[in-house]
Amino acid sequence: WAGSSWYFLRYMDPHNEKAIASPQAINYWRDVDLYVGGSEHATGHLLYSRFWHKFLHDMGIVPTEEPFRKLINQGMILGTSAFVYRINGTNTFVSLGKKDAYQTTALHADVSLVQNNVLDVEAFKKWRPEYADAQFILEDDGRYLCGSETEKMSKSKFNVVNPDDVVENYGADTLRLYEMFLGPIEQSKPWKTEGISGVYSFLRKLYFDDRGCVVTNQKPTAAEYKSLHKAIKKVNEDIEAFSFNTSVSAFMIAVNELKDCHKREILEPLAVLISPFAPHIAEEIWEKLGHEDSVFDARFPEYDERCLIEQSVEYPVSFNGKVRFKKSLPAALSPAEVEAAVLADPAVGKYTEGRTPKKVIVVPGKIVNIVL
C-alpha cells in the first residue's frame, strides 16, 4: 500500500533520484488542496494515505500532518438489476407473477434484454447458451416478467449503462448534467435512464426555439435581471459547496423564468455560467453570440445584489386573521402607505360591510391584518 499512499508527493518532484521529493518542492506544494475519491476507495486507500503521511511527518520528510486539506468521497451510481427465476433442480424459469408457487433461485439477467420488466426470452437464450433449451413458464398473457432491484452498478450484475450510448443519443453535456442532477455528490444515487430526457429538453430550451438561436440587443427587464443574478448567486455558492445537483436545479428555474428571453445581456453571462456544467453547448452558443475566443476565456459572472432587491411585495390581506385577498404593492412603501393603499382597495368594502376597522396591523413585506 505504501506506493499508492504517497504518489501525490512524488508528483511534486518526479525525477528526483535521491528522495521522494526535495524539501524545497514539498514545502512549496505542501498538502493536496482537494482530493476526490470513491466511497469504496475511502478505506482501501485514503486511510492508508493518512497513516503513511503522518509517518512521513514524524520522520520530518513532510511539513504537514494531514495529506489533504479537503476530502470528498463521491457516492456510487446504482443500477437497476433484472432477475429471472430458475426453479431449483431444473432448467425451467418461472415468471415473477407465478414464482411463489415454486422454490426458485434468482439469477441476474442483462438489463438490455428487458423492456418494462418484460424479458426477451429468445434473446436471453442466445445470451446464455447454457439455457438455450430451458423452458419458461410465462404469465397468462404470454409474457415473462422479471424482478428488479436497485444495487451497485457492476458488470457482474449485468446492469451497467454504457455512457457511449447515452452520449450517442443525447450528447455528452446531457450525460454530464444528468449525473450531477441525480443528487448530492457524497450520496449513492440510482440511475434512471428515463430521467435523461428531462435534462435533454432543458438543454434544448436553454437557447433554442423553433427559430433556432435568436439573439436581440433589447434591454432586459428588472425581472429578467433578477432571474439571471439569482442564478449566478446560487451557482457560485453551490460550486464552492460542491452542491452541483442544486446548481442544475437553479439553471432549470432560471430557464423557466426567462422563457422566450433572447436578450444578449442575459444569454451571454448565462452561457459562461453553465459552461463548467455543459461545456460543449456553452462553447457553441458563445460562438453563435459572435465571439471568436473560447467561453472559458470569459470572466465568470458575479451577481449584483441590487438586481435581487424585490421591487414589489404581494401582501395577503386578512380580516380578523382570515386571508381574503392579496394585493401587490411597491416594496418601498412605508407601513402607513401600505395601510392607506389597502384601505383604498374596493375589495375592502366587501368584507367590512360599512364597519370602521378598529385596527390595521401592517407587517412590512409580509401581511396586512384588518381588525374589525
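This report walks through the aromatic contacts, the largest pocket and two unusual backbone angles in a predicted model.

## Aromatic pairs and a ring cluster

Let's start with the rings. Across the whole structure, a search turns up 22 aromatic pairs. One of them joins F124 and W127 in a tilted arrangement, with 5.8 Å from centre to centre and 55° between the planes. The two residues share helix α5, which runs over residues 121-127. They sit 3 residues apart there, about one turn of the helix.

The partners in this pair have their own surroundings. F124 has a relative accessible area of 1%, so this residue is buried, the cut-off being under 20%. W127 reaches 25% relative accessibility and therefore counts as partly exposed. Both also belong to a wider group: ring pairs link F93, F124, W127, Y131, F136, Y144 and F158 into a cluster.

## Charges over rings

W127 is worth a second look, as R128 lies over the face of its ring, at 5.4 Å from the ring centre. If you have the model open, you can view this contact along with the tilted pair that W127 forms with F124.

A lysine takes a similar position elsewhere in the list of contacts: the charged end of K99 sits over the ring of Y85, 5.1 Å from the ring centre.

## The largest pocket

Next comes the largest pocket, with a volume of about 760 Å³. Its lining is made up of 26 residues. Nearest the centre of the pocket lie V111, V114, V161, T193 and E194.

Several elements contribute to this lining. At least two residues each come from β3 (77-87), β6 (114-115), β9 (147-152) and α6 (163-170). Strand β3 supplies the largest share, with 5 residues. As for chemical character, the lining holds 13 polar, 10 nonpolar and 3 charged residues.

## Two asparagines with positive phi

Finally, two asparagines deserve a look at the backbone level. N116 has a phi near 50°, a positive value in a residue other than glycine. You will find N116 in the loop between β6 and β7, the latter strand spanning 118-119. With a relative accessible area of 73%, N116 is over the 50% cut-off and so counts as exposed.

N320 is the other case, with a phi near 55°, which is again positive in a residue other than glycine. Look for N320 in the loop between β13 (312-319) and β14 (322-330).

How values were computed: Residues are numbered from 1 along each chain as its sequence is written. This is a predicted model: local features need pLDDT of at least 70, side-chain atom pairs count only at pLDDT 80 or more; totals for chains, interfaces and linings use all residues. Side-chain values use heavy atoms; hydrogens and water are left out. Rings of Phe, Tyr and Trp (its six-membered ring) pair if their centres lie within 6.5 Å; planes under 30 degrees apart count as stacked, over 60 as edge-to-face and the rest as tilted. Helices (H or I, at least four residues) and strands (E, at least two) are DSSP runs, numbered from the N terminus. Buried means under 20% relative accessible area, exposed over 50%, partly exposed in between (1.4 Å probe, protein chains only). A charge sits over a ring if NZ of Lys or CZ of Arg is within 6 Å of the ring centre and within 35 degrees of the ring normal. On a 1 Å grid over the protein atoms alone, a cavity is a set of points where a 1.4 Å probe fits but cannot get out, and a pocket is an open set with protein on both sides within 12 Å along at least five of seven lines; lining residues have an atom within 4 Å of a point. Grid points are joined across faces, edges and corners, and a volume is the space filled by probe spheres set on the points. Ala, Val, Leu, Ile, Met, Phe, Trp, Tyr, Cys and Pro count as nonpolar, Asp, Glu, Lys and Arg as charged, and the others, Gly among them, as polar.
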